[in-house]
Amino acid sequence: MRTSLIALGLVSSLLPGCSGAERFAAPASFGGSAPVTRNYTEAGFAQWTQEFRSRALAQGVSPATFDRAFGAVRYDASIIAKDRNQSEFTKSIWDYLDGAVADSRIANGRAGLARHAAVLDRIEARYGVDKEIVVAVWGLESSFGGYRGSTPIIPALATLAFDGRRGPFFEAELIAALKIVQAGDVAPEGMVGSWAGAMGHTQFMPTSYLDYAVDFTGDGRRDIWSDDPTDALASTAAYLQRMGWQRGQPWGLEVRLPPSFNLGLIGKGTTRSTGDWAAMGVAPAAGGSLPGMGASSILLPAGVRGPAFLIGPNFAAISRYNASDSYVIGVGHLADRLAGKGPFQQGWPRSDRALSTDERRELQQLLTRRGFDTGGTDGKIGTNTLSALRAWQASVGMAPDGYANVEVLQRLRAG
C-alpha cells in the first residue's frame, strides 16, 4: 500500500518485530533521483520550517494548527541517528517466529481476547475480519499495547523531513499528522509513537490513519493512542477489510506437497483454485481437505526443507499491512494459536542462517553475471530475484525452490 504506507515493511532487509518504526523507513530515493541530505544548523532548520509552513498551508493545514503544533518542535539528532543505524542483517523466519509466536505472546493474546471479548465480537461482525487476526496484529505491532512508542511524532517527522534523505515521504506524513491534529483527534503533545512516525496500538502511519482509522466507540475521535485499544483494533479490521479480506476464509494454511510436486508452480506469481491444488495432491498438513480460498498460491519461505503454505486473498490483505512474508505468517500463525490450533507440522532448517544484506547483493550480482537477471542488486530478495534464483537452481540440477541460503551463495561463488 504505497499511498498510505501502513506498516508496509519498507526496509526489506529488516523483518518485522525489530521495532515498530524501523519498518516504516522509506526507500532511499524517489523518482530515481539521488537523495539530498542537509547538515543541521539552527538557522537552516528555521528556514526549512518557514518554507514547509507554506507548503503545509497550501495543502489545507490552517495557520493556527501549524503554529500550535510547531511551537515546541526542535530538530532531534537522535532520530537521524536511528535512521542511519538500522541493522543490515535479517533474522531467519524461524528465529522471527520464535519470538512472534512465543508461549508468552500466545498467553497474553488469549488474555486480550478474553478481556476485550465483547468489543472484538462487534468488530468481527462489522468488518468480517477474524478477531484472532486483529489481536495478532496488535500483539506483533505493540505487544498488545505495551510498547506503543513515546516519541513525539511531529518533531520526529519534521526532523526526518528536514534531513531530506527521504524528504517527500516524511513531508507527506508530517502534513497528514498536522491534519489529524487539526481534526481534533489528538493534541500535538498526545501524538506519540515510534521514531519514524508509526502510532498507537497497531502502529498506523499518519497517512494511513487519515485514510482508514475509524471511531468505533462513537465519541467523535479516532483515538488510537489511549489505553483503550477499541478504535485501534477496529481501525485495523477496517483496514484489512478495505485491503480485500474475505470473510470466512483462512489467512493461509500449512500444506503437504506430494513427492512429485512441480516446484515450478511455487510462488505468488502462480495461482490455482484450491480444487486444482487438491487434484495435484496438495493437502493440509494437519489432515482433512483444503478449504475454499479462491485463487491461491504455494509458498516455500525456507525452501523444500521447511513448511509449505497455501496462501490466498487474506494473506495478500495482511501483506498490505506489512509486506514481509515472515510478518504475515507470524500474524496468521499467532492467530491460529490464539484460536487453539497447534504448531506447524514441518520443522524449519534451523542449521541455516539468514544472509546479510551484503551477501544478498553478492548473490544478485552473481546470478546476473551468469545470465539470470535479478532486476537490480539492492540486497532485497523480491520477485525478480526469486525468479532468477529458481531458474539458476534448475539449470544446475538443484531443487528450484528459490531459497537463498549460504549453500546457494557458496555454490554461486564456486561457479
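Of the 415 residues in the protein chain, 54% are buried. Keep in mind that this is a predicted model, and every value I give is computed from it. The accessible surface of the chain comes to about 17100 Å², and carbon and sulfur atoms account for 49% of that surface.

Now the overall build. The chain has 17 helices and six strands. Its radius of gyration is 22 Å, close to the 22 Å that the globule rule gives for 415 residues, so the chain is as compact as a globular protein of that length. Along the principal axes, the C-alpha trace spans about 70 × 55 × 35 Å. If we take the contacts with a separation of 6 or more, 68% of them are between residues 24 or more positions apart.

Next, the nonpolar cores. The largest one has 92 residues. Which residues have the most contacts inside it? They are F70, I154 and M191. I154 is in contact with both of the other two, F70 and M191. Leaving aside neighbours within four places in sequence, the contacts of I154 also include A69, V73, L174, A177, L178, V181 and P188. There is also a second, separate core, with 14 residues, among them L253, V255, M293 and L310.

That brings me to the sheet. L253 and V255 fall within strand β3, residues 252–256, and L310 falls within strand β6, residues 308–311. Four strands form an open sheet in the order β4-β3-β6-β5, and the pairing is antiparallel. The edge strands are β4 and β5, each of which pairs on one side only. In general, strands of a sheet pair through backbone hydrogen bonds, either parallel or antiparallel.

Going through the pairs in order, β4, residues 283–284, is joined to β3 by two bridges. There, R256 stands opposite A283. β3 and β6 pair over four bridges, and G252 has I311 as its bridge partner in β6. Then three bridges join β6 to β5, where L299 stands opposite F309. As for cover, β3 has four of its five residues buried.

The last stop is helix α16, residues 383–395. The helix has 13 residues and reaches 18 Å from its first C-alpha to its last, close to the 18 Å expected at 1.5 Å a residue. Its buried residues are T385, A388, L389, R390, W392 and Q393. What covers them? The cover includes α15, residues 357–369, and α17, residues 406–414.

Take T385 as one example from that helix. Why does T385 count as buried? Its relative accessible area is 2%, and buried means under 20%, so T385 qualifies. Outside its neighbours within four places in sequence, T385 is in contact with L363, Q364, L367, T374 and K380. Of these, L363, Q364 and L367 have numbers that fall within α15. After α16 comes G397, whose phi is positive, near 85°.

To go back over the main points: the chain has 17 helices and six strands, there is a largest nonpolar core of 92 residues and a separate one of 14, and an open sheet of four strands has β4 and β5 at its edges.

Definitions and conventions. Residues numbered from 1 in each chain as written. Predicted model: local features only at pLDDT ≥ 70, side-chain atom pairs only at ≥ 80, totals over all residues. Heavy atoms only, no water. Buried < 20%, exposed > 50% of the residue type's maximum accessible area, 1.4 Å probe, protein only. Pairing = 2+ DSSP bridges. Contact = heavy atoms within 4.5 Å. Expected span 1.5 Å × (residues − 1). Core = buried A, V, L, I, M, F, W, Y, C linked by side-chain atoms within 4.5 Å. Rg over C-alpha atoms; globule rule 2.2 N^0.38 Å. Areas by Shrake-Rupley, 256 points an atom, 1.4 Å probe, with all protein chains shown as cover.
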